[in-house]
Amino acid sequence: MESVHQLRVSMPDIEPEVWRRIHVYSHTPLSGLHAVIQVAMGWDDAHLYEFGARWETYGHNGKEASAHTVAQMLPEVGSGAGYVYDFGDHWVHHLIVEKIHRPAPNTHYPRCTAGRRACPPEDCGGPLGYERTLRAIRARKGPRYRELREWGLHKYNPATFDRDEVNRGLADPKSIGYPEPAPWQREVVDLSSLRYPGAPAATGQSVDHPEDDQEQSPDETGPAAEVVNALTTGPPPTVSEAVDAVLEALSKVDEARVLLGVALRAEQKKTGASANELAQRVHGAMSRPLVLRALRNSD
């Protein structure tokens, strides 16, 4: 029998907490769950991602996300997983299965039934950069605030969350830029060898997703130990190894940003396009703030 996973998605590194409650079919591929999280949280789907659960990873640098289902990664109520979006800013999300229930009649899935606060702006620099962004918006002055004005983010409101807007996007993928079928509408690559557990029996748990924003505390005895960093694939490295890896990755990012700036300025000189026009032109490949930042940086 077809079943639905009720998931609580939260960002533990952000205070006050940003969270959503979403309902997805249990057979949804993890690539589809990624897209649903992007829409529900308010991200732009402009960076790499990875899921992690029980020392397995799915997505970029992990197992093929389109070949595994939500129910395979999260087989029962109380199961937990980690989800990392944007390996540079490293936005960590925790996923917890609150319920596995039967689909409600005449109800569109996936859907979002509750949540709090807006997700951070793309490419703002991770949790620390997010805090600096909020301070700049409150102060309404300084270099950071001038940057935000240039990016069009000076009116960002961290308290904003519109559940109806999220559900309109999930119901009409084309309206938010996803070609149909959207990732959450696609079938798993090979269902014959990838059977999933966790589906309720015909007499199993009934539907229970009230249309309100009241927070429900997850079970305190739940899956805290199961929630793993989505970049963990084996024994933890030494501190020295981790530091070397971070420094190497940052040097590559800096080099790539310099090259991007050179390419964009050459295009600007050739075509006379403004910074905003160039940012709009490549928005499908990367976020607008990143493009504008690269244009400002010198060679």
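Let's start where two helices meet: α3 (residues 126-139) and α4 (residues 143-151) pack at an angle of about 90°, and their axes lie 9 Å apart. Angles from 65 to 115 degrees count as roughly perpendicular, and α3 and α4 are therefore roughly perpendicular to each other. On the α3 side, the contact is made by Gly-129, Arg-132, Thr-133, Ala-136 and Ile-137, which meet Arg-144, Tyr-145 and Leu-148 of α4. Sorted by class, this contact of α3 with α4 holds four nonpolar, two polar and two charged residues. Keep in mind as you look around that this is a predicted model.

Now turn back along the chain to helix α1, residues 30-41. With 1.5 Å for each residue, its 12 residues should span 16 Å, and the end C-alpha atoms are indeed 16 Å apart, so the two values agree. How much of α1 is buried? The answer is 12 of the 12 residues, so α1 is largely enclosed by the rest of the structure. Among these buried residues are Ser-31, His-34 and Gln-38, along with Leu-33, Val-36 and Ile-37. Just after α1 comes Gly-42, which has a positive phi, near 105°.

Finally, a look at the cysteines. How many disulfides does a search of the whole structure find? It finds zero. Take Cys-124: the closest cysteine sulfur belongs to Cys-119 and is 9.0 Å from its own sulfur, too far for a bond, because a disulfide needs the two sulfur atoms within 2.5 Å. Cys-124 is buried, with a relative accessible area of 5%. Cys-112 is buried as well, its relative accessible area being 0%.

Notes
Residues are numbered from 1 along each chain as its sequence is written. This is a predicted model: local features need pLDDT of at least 70, side-chain atom pairs count only at pLDDT 80 or more; totals for chains, interfaces and linings use all residues. Side-chain values use heavy atoms; hydrogens and water are left out. Helices (H or I, at least four residues) and strands (E, at least two) are DSSP runs, numbered from the N terminus. The expected span of a helix is 1.5 Å times one less than its number of residues. Buried means under 20% relative accessible area, exposed over 50%, partly exposed in between (1.4 Å probe, protein chains only). Axes are lines fitted to C-alpha atoms, for helices over the stretch in contact, and angles run from 0 to 180 degrees between N-to-C directions. Angles under 35 degrees count as roughly parallel, over 145 as roughly antiparallel, 65 to 115 as roughly perpendicular and the rest as oblique. Contact means heavy atoms within 4.5 Å. Ala, Val, Leu, Ile, Met, Phe, Trp, Tyr, Cys and Pro count as nonpolar, Asp, Glu, Lys and Arg as charged, and the others, Gly among them, as polar.
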